[in-house]
Number of protein chains: 4
Amino acid sequence: MSDPIRIGILGASGYTGAELVRLLAGHPDAQIRVLTANQQAGQPMHAVYPHLRSMDLPDLVTWEEADWSALDVAFCALPHGTSQAIVAQMPAGLKVVDLSADFRLRDVDTYAAWYGKAHQAPERQRDAVYGLTELNRTAIGHAGLVACPGCYPTAALLALSPLLDAGTVEPGDLIIDAKSGVTGAGRKVTQGLLFAEVGEGIHPYGVGKHRHAPEMEQELSLAAGADVRVNFTPHLIPMNRGELVTCHVRLAGDATAGDVRRVLGERYDAEPFVRVLPEGATPATRNVRGSNMAEIGVFPDRLPGRAVVVAAIDNLAKGSSGQAIQNMNVMLALHETRGLELQPMFP
Amino acid sequence: MSDPIRIGILGASGYTGAELVRLLAGHPDAQIRVLTANQQAGQPMHAVYPHLRSMDLPDLVTWEEADWSALDVAFCALPHGTSQAIVAQMPAGLKVVDLSADFRLRDVDTYAAWYGKAHQAPERQRDAVYGLTELNRTAIGHAGLVACPGCYPTAALLALSPLLDAGTVEPGDLIIDAKSGVTGAGRKVTQGLLFAEVGEGIHPYGVGKHRHAPEMEQELSLAAGADVRVNFTPHLIPMNRGELVTCHVRLAGDATAGDVRRVLGERYDAEPFVRVLPEGATPATRNVRGSNMAEIGVFPDRLPGRAVVVAAIDNLAKGSSGQAIQNMNVMLALHETRGLELQPMFP
Amino acid sequence: MSDPIRIGILGASGYTGAELVRLLAGHPDAQIRVLTANQQAGQPMHAVYPHLRSMDLPDLVTWEEADWSALDVAFCALPHGTSQAIVAQMPAGLKVVDLSADFRLRDVDTYAAWYGKAHQAPERQRDAVYGLTELNRTAIGHAGLVACPGCYPTAALLALSPLLDAGTVEPGDLIIDAKSGVTGAGRKVTQGLLFAEVGEGIHPYGVGKHRHAPEMEQELSLAAGADVRVNFTPHLIPMNRGELVTCHVRLAGDATAGDVRRVLGERYDAEPFVRVLPEGATPATRNVRGSNMAEIGVFPDRLPGRAVVVAAIDNLAKGSSGQAIQNMNVMLALHETRGLELQPMFP
Amino acid sequence: MSDPIRIGILGASGYTGAELVRLLAGHPDAQIRVLTANQQAGQPMHAVYPHLRSMDLPDLVTWEEADWSALDVAFCALPHGTSQAIVAQMPAGLKVVDLSADFRLRDVDTYAAWYGKAHQAPERQRDAVYGLTELNRTAIGHAGLVACPGCYPTAALLALSPLLDAGTVEPGDLIIDAKSGVTGAGRKVTQGLLFAEVGEGIHPYGVGKHRHAPEMEQELSLAAGADVRVNFTPHLIPMNRGELVTCHVRLAGDATAGDVRRVLGERYDAEPFVRVLPEGATPATRNVRGSNMAEIGVFPDRLPGRAVVVAAIDNLAKGSSGQAIQNMNVMLALHETRGLELQPMFP
């Protein structure tokens with residue numbers, strides 16, 4: 001092995017931070033040099049995540065204490081709204097992979113409208129590349145700052161972008177009914193995420209108002225070559241990990257569900273982390289748990305002229321930390337699957 | 001109290017059978033006289049359901065041993081396809097509430113097509129009344145045989161029928177994305193229902209092919225006054241009880257989500273078991289767990305001209321055994337809420 | 001029905017408060033007149049607990065606003081340490097059922113040692129009666145202030161007290177290995193109770209240091225007629241409700257597991273809410289979920305001279321709110337099962 | 001890499017079979033050549049385990065079809081009682097790692113008594129080595145046939161054997177209160193393992209009669225140098241993976257909990273897969289999920305002269321398939337951690 005890639009993780013106390021550590025532990029080229037967590041600074045990582053006790057990791061520091069110039073890559077796993085100012089201060093040569101929403105929306109006015117305040121680093125926003133690896137690999141390869149997609153957009157865009165691009169489905173009638181485990185909300189300590197509030201039940205949330213909607217629309221509009229709006233209806237599921245998006249689509253012209261499956265199959269044929277299932281097979285989040293894999297299935301609808309496209313991912317892996325590492329690999333011209341070859345864990 | 005209503009439950013070893021017993025325990029007029037379970041005949045009910053050990057219940061017998069003439073009401077909680085022949089042999093005066101699918105489809109050809117064999121009691125089918133209480137109360141009041149709706153149709157029809165009836169939504173674009181806990185599948189001992197196969201994951205099943213689709217279409221067509229087809233996409237959720245249907249609808253003319261809420265609110269204003277939520281409130285299966293209540297919420301869609309209508313029920317209560325008792329109450333001209341006044345259990 | 005019993009619930013925003021409301025809804029003599037929740041005062045109860053939306057309940061007020069003189073019974077479901085001062089100000093004639101730990105320990109020094117501060121109402125403590133109904137019924141019948149046991153002590157004392165009283169087990173070797181669902185910790189918003197922290201795992205907590213240990217020891221010492229100490233090792237289980245205590249006991253003299261079962265069986269023969277299982281039957285929390293029932297099973301040990309006694313309860317019902325209502329019934333000379341006749345809910 | 005180790009897995013359709021495949025996928029020296037599953041022979045592995053769809057694996061065959069002479073190692077993940085006859089027919093040079101109970105009990109009469117039939121390969125039993133790696137490494141290194149411990153014995157022996165060996169705890173008073181997720185029972189399709197039967201509840205099973213008791217006693221007797229009997233009380237927990245044993249021990253002489261921690265700490269200091277926690281830290285199954293790690297914590301007891309020793313493992317990893325690979329590594333003189341370096345997955 002040549003010199004290791006020196007890595008810093010900002011916001012290591014969140015679930016995506018811990019998942020980055022778990023996955024990077026298996027990356028042969030990576031070495032974690034800095035872990036920040038401002039509230040827990042001074043503590044060892046295993047004080048925050050006891051499952052990592054046996055790893056040899058640097059203690060947590062504040063982000064102000066970190067020496068960015070000694071790093072090759074910084075992963076920002078900070079809460080939304082807090083990455084911008086910090087990224088703005090990072091040295092130019094540092095490769096930055098941001099897992100927050102801060103650099104996803106290209107239009108800063110749209111950002112301000114959905115996130116409730118002006119963007120604090122619009123000049124870095126201009127250079128940020130949207131990091132859905134399979135759909136934007138070339139640009140990611142040249143990027144200094146990659147904005148990793150939200151977990152829902154990752155699944156929905158993998159399912160829908162190639163279909164809009166190919167003209168297989170109508171852009172004006174996209175209904176995205178989504179389901180996520182609780183880690184999609186991070187390690188936020190709020191009543192609504194208590195075990196007793198989530199267990200043994202299901203409910204929708206943020207119907208018509210979720211911040212992942214404009215993000216999907218931005219990217220789907222690019223694929224469609226026209227302004228696209230979507231229905232996006234997420235639901236909270238009593239499980240830790242996993243995300244499933246059920247996309248109800250109207251077929252263009254006389255396209256069939258088989259055409260949808262074929263378009264997706266061809267598009268992802270060479271992709272190591274996207275699996276388009278054969279007819280009759282059903283995606284399940286269990287099939288991808290703990291791995292960077294996305295699984296897509298296509299079903300004919302009883303309604304003529306429609307189809308159902310279902311995508312399953314692990315929200316912490318392909319939906320955030322796994323894809324972030326995949327992007328790092330692309331940015332550094334490493335083999336894209338490095339550190340991401342874990343098989344799914346079932347049961 | 002006058003003479004008790006003498007009740008028999010066929011198929012007491014399934015979950016809907018056990019739920020009937022639990023609910024009837026609190027019904028002041030009911031007395032369980034017969035419990036059948038052919039495979040466990042001879043055993044006490046608590047051998048099959050230890051949680052009922054403290055109840056004073058008759059031992060399990062085969063259905064052939066039961067004396068129907070000594071009963072006022074028979075609940076059939078048998079597997080699909082097995083009620084027909086048994087009901088055909090019951091005495092004419094016995095009130096029958098069937099929880100299976102056997103008498104739900106009015107058209108016996110449709111039945112044969114979806115259930116894979118000819119109907120065995122077409123003459124009784126002709127007199128069967130579809131038992132969604134709120135939508136068919138008068139006919140149920142005169143019925144000798146009531147076919148209780150499937151759990152998914154119960155929730156979907158409560159949400160959609162009044163809207164089609166009032167012309168508030170378009171009948172040609174109904175997308176019903178549904179989610180259910182595992183008891184919706186009964187106590188079937190199959191690999192797919194093992195804890196380790198269901199826990200920590202979600203997946204769709206029966207997409208475009210589920211038998212509840214023609215049942216919904218039959219009733220929605222009645223409400224719309226025209227043939228209706230629906231998309232129906234169910235998902236299995238890692239929880240015991242609860243069912244949520246997320247209906248994505250296209251609004252008719254210039255109707256709004258507010259109109260949808262108003263139509264439903266007026267329709268169910270006097271109903272004890274349907275609760276239309278005010279704007280901003282979100283249905284959740286937890287809010288109805290263990291009770292006969294249905295909860296409906298309406299949301300504007302980001303897609304213009306569309307809305308999202310969400311209904312939540314407990315699949316074992318309002319979705320089967322609770323509604324069955326509600327129907328019995330109507331058939332016998334009892335107060336409709338008798339035995340069904342349990343508040344939801346949360347957490 | 002004569003005049004209803006006018007009830008106030010202090011601390012209605014916690015899980016035990018909500019459970020009191022659920023159970024009292026089925027109590028034919030009870031009428032809830034006051035619900036306090038200082039942080040949510042002014043809101044309707046369904047803002048805090050949407051599952052109670054269809055009940056006709058008074059809005060939440062602060063406890064300072066409540067008119068105690070217009071009530072017959074006050075249930076205190078406040079956090080530990082906050083009941084004392086409030087109870088001290090209540091009018092003498094008001095029957096008080098306290099669900100907190102504030103009045104459980106007779107010795108105020110022991111209280112101070114375990115709860116970290118001096119007792120604030122020692123004069124009321126002197127008159128408080130320990131409210132494990134089956135073991136203390138007569139005193140409860142004359143009490144003005146009843147201190148309901150903790151959930152773990154309820155299960156452990158039901159299993160062990162009669163055995164110490166009868167001299168069937170040795171008092172010096174009591175090992176209580178306990179398991180509880182998350183609602184045992186209340187609705188506290190802490191990281192350790194998040195779904196993602198609790199789901200799919202188990203761990204012990206408070207080993208050798210849990211505050212329920214001195215409470216058990218106080219009551220077991222009474223039963224044994226000598227000072228008793230116990231091992232108490234609780235574990236957190238990924239479920240909402242339910243508590244199981246596995247008591248590993250040394251048999252006195254040549255007593256057998258059969259003797260243990262017989263002693264318990266005779267002791268609880270006439271009790272409506274304690275079920276001693278026959279040989280070979282296994283207690284399970286599912287068998288008592290949502291009900292006020294306790295279920296006890298006895299097993300021979302492979303170690304000669306030992307036995308295993310297992311008790312299962314619903315921590316929110318018999319373990320707190322159910323037993324509180326049972327105590328109220330005893331205090332007011334009502335039939336003890338009023339409002340508590342709900343059958344367990346399974347699945 | 002030199003020639004790969006050619007591996008066959010018998011009984012690939014069970015959970016331990018699937019876990020072997022998952023873990024071996026990350027073993028740089030291993031190559032899976034044969035997967036048997038007699039009932040699913042002819043199908044691809046992903047027909048049985050869809051999460052392995054992207055792996056390049058041989059199709060399932062019957063064990064009779066497998067060519068053992070072309071393999072270096074055979075893992076037997078067959079149901080108890082079926083390995084014996086098959087192993088008896090294997091070529092002498094083939095290294096066999098058996099995950100079933102078939103070769104664990106050295107005394108064939110004890111085997112017959114607990115498993116209900118005579119051992120079918122007593123001559124191979126004589127050469128079988130008990131495969132708790134940390135406690136038996138040298139013998140495993142020379143073995144041709146290794147009998148991997150049961151999941152419960154793995155955790156219990158790691159916690160207790162060094163203490164008996166060192167004389168720190170009394171051998172006559174060992175109480176092992178254990179808790180396991182459902183995969184401990186394998187992929188058996190039985191009513192008791194359905195989601196709806198297991199979810200939201202806890203119960204003990206096999207109290208005083210579980211087959212892991214004689215296995216623990218065999219090994220603990222070796223450590224103690226005297227006949228040892230144990231209390232063993234397992235409980236079923238609503239989670240997929242994870243096993244926790246809570247050992248209630250009597251300290252020898254004037255030993256303390258600190259001595260217990262020190263003895264264990266020294267014993268496992270150099271072990272890569274056993275982590276003895278510092279004072280105050282609590283073992284949790286979440287901390288080892290998906291990994292081969294065992295975590296042990298020690299607590300003082302309130303009862304004088306006693307302590308509580310708690311061990312947590314993943315039953316499918318260190319409790320079966322992980323330890324099986326660890327044993328293979330030892331048998332083949334590979335680095336012991338090969339293929340087992342996965343960090344735990346949390347959440």
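**Chain interfaces in a predicted model**

Over residues 6-143 of chain A the chain is 31% helix and 17% strand, and the C-alpha atoms at the two ends of this stretch lie 18 Å apart. The model is a predicted one, and the stretch just described is where UniProt, in an unreviewed entry, places the feature "domain: Semialdehyde dehydrogenase NAD-binding". The points below turn to two interfaces, that of chain A with chain B, across which the rule finds eight salt bridges, and that of chain B with chain C, across which the rule finds zero salt bridges.

**Chain A with chain B: extent**

- The contact involves 50 residues of chain A and 50 residues of chain B, and the two chains bury about 4200 Å² between them, with carbon and sulfur atoms accounting for 55% of that area.
- On the chain A side, the residues that lose the most area to chain B are Glu200(A), Arg286(A) and Arg302(A), which together make up 21% of what that side buries.

**Chain A with chain B: polar links and composition**

- Among the eight salt bridges that the rule finds across this interface is one between Asp173(B) and Arg306(A), in which the closest N and O atoms are 3.6 Å apart.
- The rule also finds 28 residue pairs in polar contact across the interface of chain A and chain B, counting pairs in which both residues are at pLDDT 80 or more.
- Several elements of chain A each supply at least two residues of the side that touches chain B, including the helices α8 (195-198) and α9 (212-224) and the strands β8 (174-180), β10 (230-236), β11 (243-250), β13 (294-300) and β14 (306-313).
- By class, the side of chain A that touches chain B has 23 nonpolar, 13 polar and 14 charged residues.

**Chain B with chain C: extent**

- Here 32 residues of chain B are in contact with 32 residues of chain C, and the area buried between the two chains is about 2700 Å², of which 64% comes from carbon and sulfur atoms.
- His51(B), Met345(B) and Pro347(B) are the residues of chain B that lose the most area to chain C, and together they give 26% of what that side buries.

**Chain B with chain C: polar links and composition**

- Although the rule finds zero salt bridges across the interface of chain B and chain C, four residue pairs are found there in polar contact, with both residues at pLDDT 80 or more.
- The side of chain B that touches chain C divides by class into 16 nonpolar, seven polar and nine charged residues.

Notes:
Residues are numbered from 1 along each chain as its sequence is written. Chains are lettered from A and ligands numbered from 1 in the order in which they are written. This is a predicted model: local features need pLDDT of at least 70, side-chain atom pairs count only at pLDDT 80 or more; totals for chains, interfaces and linings use all residues. Side-chain values use heavy atoms; hydrogens and water are left out. Contact means heavy atoms within 4.5 Å. Buried area is the accessible area (1.4 Å probe) that two parts lose on being put together, summed over both. A salt bridge is a side-chain nitrogen of Lys or Arg within 4 Å of a carboxyl oxygen of Asp or Glu. A polar contact is a pair of N or O atoms within 3.5 Å; within protein, one must be able to donate a hydrogen and the other to accept it, and residues adjacent in sequence count only if both atoms are side-chain atoms. Ala, Val, Leu, Ile, Met, Phe, Trp, Tyr, Cys and Pro count as nonpolar, Asp, Glu, Lys and Arg as charged, and the others, Gly among them, as polar. UniProt positions are given in the numbering used here, feature names are shortened, and annotations may be inferred rather than shown by experiment. Helices (H or I, at least four residues) and strands (E, at least two) are DSSP runs, numbered from the N terminus.
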